[in-house]
Amino acid sequence: MTTAEIAFGLAVFLLAGTVKGLVGLGLPTITIALTSLVLPLTEAIALIALPTIFTNVWQATVGGQFWVILRRQWPLIVTLMISLYLTMWLVGQKGPNWAFLVLAAVLIVYSGLGLLRIRLHIHADLEKLLAPVIGVVSGFVAGLVGVPIIPLMPYLQGLDIKPSELVQSLGVVLCATSLTLTVSLLNFGLLDGPRAIVSAAAVVPALAGMWVGQQIRLRLSVEQFRLAVFWALLLTGLYTFTSRLL
């Protein structure tokens, strides 16, 4: 990576951390979406390795429901981790050319659901049946593009759980995802010395951005900012899709 690319990446982490601090999610999604515009997708995925571990470990341990969530979500977590690792192994170092189209589709679908306020309602009887399926598909998507938000996010949001437990559930599942992603990157040579240094350096702007976002939350409408984030993701997804087809 060039100096300009590194500087751009660190600035993106500051922005993405600000969004996470304000609305509670979005760090890997925004980082992958923006850095992949100037970097190969595997480079962009390698950058998020360490910052996502730090932020997700913090989110997973806050709330007092860690073991309850782990007992409930282990079928989802285990299948997601296995699927992610196998996908990274099969994809290799460069990844398929169509992975960018998957990233574009993920951004468009996720932002569309957010803008339209579409939320699933999953009956408790279906949870045990759906959890492994959601884990496999989410792991495959994460192995390709670095983020498992589709179908993971709509699934978790559709479960009958309290908002506070949902936030910690996301932290627990995404913590397992980020740890598996980092191990995969290390095993397959995608997180080498220079990339690891940049990823470690990105922890600082990511955490600084989270603090900034928390301060902004006290002064601005979170709802307006949430809509702006979804619109930005939608436009990024559309740009990624059209730029790869033209």
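Which residues does Ser 199 touch, not counting those up to four places away in sequence? That's the business of the first view below, and the other views pick up further spots in this predicted model.

**View 1. Ser 199 and its contacts with residues 46 to 51.** The answer to the opening question is Ala 46, Leu 47, Ile 48, Ala 49, Leu 50 and Pro 51, with residues up to four places away in sequence left out. Ser 199 itself sits in helix 10, which runs over residues 193–201. One of those partners also makes a polar approach: the side chain of Ser 199 has a polar atom 3.1 Å from the backbone nitrogen of Leu 50. Is Ser 199 buried or exposed? Its relative accessible area is 0%, so Ser 199 is buried.

**View 2. The whole chain, for orientation.** Zoom out for a moment: the chain has twelve helices and zero strands. Read from the N terminus, the order of elements is simply α-α-α-α-α-α-α-α-α-α-α-α. Along the principal axes, the C-alpha atoms fill a box of roughly 50 × 45 × 35 Å. How does the radius of gyration of 17 Å sit with a compact globule of 246 residues? A compact globule with that many residues would come out near 18 Å, so the chain's value agrees. Among contacts with a separation of 6 or more, 85% link residues 24 or more positions apart. Buried residues account for 49% of the 246.

**View 3. The surface and its charges.** About 11,800 Å² of the chain is accessible surface, and carbon and sulfur atoms own 72% of that. On the charge side, count 13 positive and 8 negative side chains. The centres of these two sets lie 4 Å apart.

**View 4. Thr 52 in helix 4, with partners from two stretches of sequence.** Thr 52 belongs to helix 4, residues 49–61. With neighbours within four places set aside, Thr 52 is in contact with Leu 27, Pro 28 and Ser 178. Why does Thr 52 count as buried? Buried means under 20% relative accessible area, and Thr 52 is at 3%, so it makes the cut.

**View 5. Gly 171 in helix 9.** Helix 9 spans residues 163–187, and Gly 171 is found there. Gly 171 touches Asn 56, Gln 59 and Ala 60, again skipping residues up to four places away in sequence. With a relative accessible area of 0%, Gly 171 is buried. For a sense of scale, Ser 243 is 72 residues from Gly 171 in sequence, and their C-alpha atoms are 33 Å apart in space.

**View 6. Two residues of helix 11: Pro 205 and Ile 216.** Helix 11 covers residues 203–217 and holds Pro 205; Ile 216 lies in helix 11 too. Outside its four-place neighbourhood, Pro 205 is in contact with Leu 10, Phe 13 and Leu 14. Under the corresponding rule, Ile 216 is in contact with Thr 18 and Leu 22. Pro 205 counts as buried at 14% relative accessibility, while Ile 216 is partly exposed at 23%. Two C-alpha distances to try in your viewer: Pro 205 to Leu 218 is 20 Å across 13 residues of sequence, and Ile 216 to Gly 21 is 8.7 Å across 195 residues.

**View 7. Ile 6 in helix 1.** Ile 6 is found in helix 1, which takes in residues 3–23. At 26% relative accessibility, Ile 6 counts as partly exposed. Ile 6 and Arg 195 are 189 residues apart along the chain, yet their C-alpha atoms are separated by 9.8 Å.

**View 8. Two backbone oddities, at Pro 151 and Arg 117.** Most residues other than glycine have a negative phi, and most peptide bonds are trans. Against that background, look at the bond joining Ile 150 and Pro 151: this one is cis, with omega about 5°. Pro 151 lies in helix 8, residues 149–158. The other case is Arg 117, a residue other than glycine whose phi is positive, near 55°. Where does Arg 117 lie? It's in the loop between helix 6 (99–116) and helix 7 (124–145). Arg 117 is exposed, with a relative accessible area of 54%.

Methods. Residues numbered from 1 in each chain as written. Predicted model: local features only at pLDDT ≥ 70, side-chain atom pairs only at ≥ 80, totals over all residues. Heavy atoms only, no water. Helix = DSSP H or I, 4+ residues; strand = E, 2+ residues; numbered from the N terminus. Buried < 20%, exposed > 50% of the residue type's maximum accessible area, 1.4 Å probe, protein only. Polar contact = N/O pair within 3.5 Å; in protein donor to acceptor, adjacent residues only side chain to side chain. Contact = heavy atoms within 4.5 Å. Rg over C-alpha atoms; globule rule 2.2 N^0.38 Å. Areas by Shrake-Rupley, 256 points an atom, 1.4 Å probe, with all protein chains shown as cover. Lys, Arg positive; Asp, Glu negative; His and termini not counted. Charge placed at Lys NZ, Arg CZ, Asp CG, Glu CD.
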